[in-house]
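Student: I've got a model to go through and would like to talk about its side chains. Can we start with the charged pairs?

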Amino acid sequence: MNTELADIVETCRGAGVILEGTVPAACRVTGIAAVQDCGPGDLVFADKPPLLRHVLERKPAVVVAARGLREALEAAGSGVVPLYTANVALAHATIKGAYAGRDFAAANWEGPVHPSAVVHPTATIGADTCLEPRVVIGRNVVIGRRCRIMSGAVIEHDVRIGDDSVIHPNAVVGYGCRLGSEVVIGPGSVIGSEGFGFAQDSKRRSHVIPQTGIVVIGDRVRVGANNTIDRATYAETRIGNGTKFDNLCHVAHNVEIGEDCLLTAMFCIAGSSKVGNRVMASGQTGVIDHMRIADDVVLVHRAGVIKDIEQAGVYAGLPTQPLDEYLRNTAAFRRAADLRRRLGELEKALDAPE
């Protein structure tokens with residue numbers, strides 16, 4: 001990397017991220033680094049006062065800092081070019097994404113279609129799309145422009161994938177599924193796996209109900225490693241635009257998840273449940289079948305959703321409770337042994353003869 005700082009500021013402005021401050025003429029950035037490990041020429045990020053010590057000691061070229069650090073930086077007179085923003089994390093994502101993200105071309109496979117890839121003659125592959133070794137592309141597949149289908153991935157028949165998407169190694173996109181643009185499917189993930197649907201006879205033997213629907217994934221969705229998103233029984237399992245899954249998540253058949261949700265590791269949701277927009281779930285959150293979760297809900301502390309959540313807010317525990325109620329109940333539970341002992345002493349005192 002060897003980039004004019006003015007170009008970086010302009011890139012941020014184009015993405016709606018404003019960097020405030022004076023940009024010296026001919027100031028160049030040669031790298032983007034963690035503030036603790038930076039050196040001359042680097043651009044770094046600082047959103048908390050303790051990080052300023054590293055800036056002053058290591059002397060990077062540029063620090064993108066929270067507005068609240070302006071006074072401290074100016075008082076220190078570090079010689080580092082300071083730029084200020086209301087959202088350091090967003091600036092970090094924008095700048096590193098534009099200038100220091102993963103270079104997929106570094107794999108340097110023969111291409112754009114590797115000789116070991118198997119592509120059905122009816123498939124349509126967009127311009128500048130790369131197919132790495134041992135990729136399998138099925139009948140009537142349509143893949144957009146500038147995509148990357150990585151080693152060992154399988155795209156079954158009649159799949160549609162939008163522009164600028166990445167399918168990581170050994171992922172599977174099942175037949176008929178629809179993926180939007182800028183979608184990332186992590187390694188080992190399966191989109192359109194068979195939904196879990198069975199009927200039992202009088203002897204409790206299980207008989208499969210074929211799951212013949214599809215999965216529809218919107219734009220800018222990111223699915224982490226080893227996720228499974230089941231196809232619907234008849235219609236669609238749907239994932240809204242901008243939603244992000246961590247690793248090891250499971251979405252069952254006919255689930256609908258809204259836009260811009262953040263769902264972390266081991267999130268598991270059962271069939272036909274519906275999740276609103278901008279929902280956040282911490283690790284090991286579980287949702288049983290046919291639940292409804294409103295927009296702007298946050299689920300924490302291994303939340304277990306066993307009844308509908310109709311209002312925005314923070315919920316925790318099993319069964320889910322509003323966070324403040326959950327914290328009070330947890331505090332009371334920790335005192336349960338002492339309360340039981342004291343109650344026993346009171347009962348003995350009441351039963352004792354006068």
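Tutor: Sure, and keep in mind that this is a predicted model. A good place to begin is Asp164, which forms a salt bridge with Arg146, with the closest N and O atoms 2.7 Å apart.

Student: How many residues apart in sequence are the parts that Asp164 and Arg146 tie together?

Tutor: Look at where each partner sits. Asp164 is in the loop between strand 14 (160-161) and strand 15 (166-167). Arg146 is in the loop between strand 11 (142-143) and strand 12 (148-149), so the bridge ties together parts whose separation in sequence is 18 residues.

Student: Is Asp164 buried, partly exposed or exposed?

Tutor: The range between 20% and 50% relative accessible area counts as partly exposed. Asp164 has 31% relative accessibility, so the label is partly exposed.

Student: Now Asp295 and Arg278: how far apart are their closest N and O atoms?

Tutor: Asp295 lies in the loop between strand 34 (292-293) and strand 35, and Arg278 in the loop between strand 31 (274-275) and strand 32 (280-281). A salt bridge here needs a nitrogen within 4 Å of a carboxyl oxygen. For Asp295 and Arg278, the closest N and O atoms are apart by 4.0 Å.

Student: Which residues are joined into one network by salt bridges that share partners?

Tutor: The count of salt bridges comes to 17. Shared partners link some of them into one network, and its members are Glu20, Arg67 and Arg70.

Student: What about Glu10 and Arg13, by how much of the helix are they separated?

Tutor: Their side chains meet in a salt bridge at 2.6 Å, N to O. Both belong to helix 1 (residues 5-14), and they are three residues apart there, so the separation is about one helical turn.

Student: On to rings: is the Phe196 and Phe198 pair stacked or edge-to-face?

Tutor: The count of aromatic pairs comes to one. The ring centres of Phe196 and Phe198 are 4.9 Å apart and the planes meet at 70°. Planes over 60 degrees apart get the second label, so this pair is edge-to-face.

Student: Which residues make the nonpolar surface patch of about 350 Å²?

Tutor: Phe196 is exposed at 69% relative accessible area, while Phe198 is partly exposed at 43%. A valine from strand 21 (residues 206-208) joins in, so the patch is made by Phe196, Phe198 and Val208.

Student: Last one: which residues touch the most other members of the largest nonpolar core?

Tutor: That core has 50 residues. Strand 22 (214-217) and strand 35 (297-300) are the elements that give two or more residues to it. The residues touching the most other members are Ile167, Leu179, Ile217 and Ile257.

Terms used:
Residues are numbered from 1 along each chain as its sequence is written. This is a predicted model: local features need pLDDT of at least 70, side-chain atom pairs count only at pLDDT 80 or more; totals for chains, interfaces and linings use all residues. Side-chain values use heavy atoms; hydrogens and water are left out. A nonpolar core is a set of buried Ala, Val, Leu, Ile, Met, Phe, Trp, Tyr and Cys residues joined through side-chain atoms within 4.5 Å. Buried means under 20% relative accessible area, exposed over 50%, partly exposed in between (1.4 Å probe, protein chains only). Helices (H or I, at least four residues) and strands (E, at least two) are DSSP runs, numbered from the N terminus. Patches are made of residues with over 30% relative accessible area and no salt bridge: like charges are joined within 9 Å, nonpolar side chains (Val, Leu, Ile, Met, Phe, Trp, Tyr) within 5 Å. Accessible areas come from the Shrake-Rupley method with a 1.4 Å probe; for residues, only the protein chains shown count as cover. Rings of Phe, Tyr and Trp (its six-membered ring) pair if their centres lie within 6.5 Å; planes under 30 degrees apart count as stacked, over 60 as edge-to-face and the rest as tilted.
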